[in-house]
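Good morning, colleagues. I would ask you to look at the model on the screen for a moment before I begin.

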Amino acid sequence: MKVWQRRRPVVHQVTDAQPSLTADIGRREKVYFIQMGIRVICLILAAVLNVPWPVRALFVAGAIFLPYFAVIGANQPSRGVPSTFDSETPNQNEIPRHRREIGS
């Protein structure tokens, strides 16, 4: 960058906006309930079907380990949503507190 060139200001667009907290929680709840549904199906199949033991062991393993992965996945924020605790420096693009009120 040359000395006489100015830096362009950062322009934020609507498409750059992060999903709302409600949308993020709703997505995580939906994924969690789907995974728990798969767990219930694995548990029922392991108890009802007369299949060889390796297949039954696979169903039992799914019923045992799916809750762990479901909870880990549900507690993870969606991609692109930065955690507020990750950065030690404040966001310099944030509107200063004294300028947040409408009409100021």
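I shall start with a salt bridge: Arg28 pairs with Asp24, and their closest N and O atoms are 3.2 Å apart. Please bear in mind throughout that this is a predicted model. Arg28 and Asp24 both belong to helix 1, where they sit four residues apart, about one turn of the helix. Arg28 has a relative accessible area of 17%, and because the limit for buried is under 20%, Arg28 is classed as buried.

Asp24 has a second partner. Arg27 also forms a salt bridge with Asp24, and here the closest N and O atoms are 3.5 Å apart. Arg27 and Asp24 are three residues apart in helix 1, so about one helical turn separates them. How do the two ends of this bridge stand in terms of burial: is Asp24 buried or exposed? Asp24 counts as buried, at 7% relative accessibility, whereas Arg27 is partly exposed, with a relative accessible area of 36%. The count of salt bridges comes to two. Returning to the bridge between Arg28 and Asp24, I note that shared partners join Asp24, Arg27 and Arg28 into one network.

Let me now turn to the overall architecture. The protein has two helices and zero strands. Of its 104 residues, 12% count as buried. The exposed surface of the protein is about 9700 Å², of which carbon and sulfur atoms supply 63%. As for contacts between residues at least 6 apart in sequence, 66% of them join residues at least 24 apart.

Helix 2 deserves a closer description. Helix 2 covers residues 53-75, which is 23 residues, and spans 33 Å from its first C-alpha to its last, close to the 33 Å expected at 1.5 Å a residue. Where does helix 2 bend? The bend is at Phe65 and amounts to about 35°, with a proline, Pro67, following within four residues. The buried residues of helix 2 are Phe59, Gly62, Ala63, Leu66, Ala70 and Ala74. What do these buried residues pack against? Their packing partner is helix 1.

On the helix 1 side, I would draw your attention to Ala46, which lies within residues 21-48 of that helix. Ala46 is buried, at 9% relative accessibility. Which residues does Ala46 contact, once its neighbours within four places in sequence are left aside? They are Arg56, Phe59 and Val60. Phe59 also appears among the buried residues of helix 2. Ala46 and Arg56 are ten residues apart in sequence, and their C-alpha atoms are 5.2 Å apart in space.

Finally, I come to the aromatic rings. The count of aromatic pairs comes to two. One of them joins Tyr32 and Phe33 in an edge-to-face arrangement, 5.8 Å centre to centre with 65° between the planes. Tyr32 is partly exposed, with a relative accessible area of 27%, while Phe33 counts as exposed, at 58% relative accessibility. Tyr68 and Phe69 form an edge-to-face pair as well, at 5.3 Å centre to centre and with 75° between the planes. Both Tyr68 and Phe69 are exposed.

To close, I would leave you with two pictures from this model: the network of Asp24, Arg27 and Arg28, joined by salt bridges that share partners, and the buried residues of helix 2 packing against helix 1. Thank you for your attention.

Notes
Residues numbered from 1 in each chain as written. Predicted model: local features only at pLDDT ≥ 70, side-chain atom pairs only at ≥ 80, totals over all residues. Heavy atoms only, no water. Buried < 20%, exposed > 50% of the residue type's maximum accessible area, 1.4 Å probe, protein only. Contact = heavy atoms within 4.5 Å. Phe/Tyr/Trp six-rings, centres within 6.5 Å; stacked < 30°, edge-to-face > 60°. Expected span 1.5 Å × (residues − 1). Bend = angle between axes of the 7 residues up to and from the residue. Areas by Shrake-Rupley, 256 points an atom, 1.4 Å probe, with all protein chains shown as cover. Salt bridge = Lys/Arg side-chain N within 4 Å of Asp/Glu carboxyl O.
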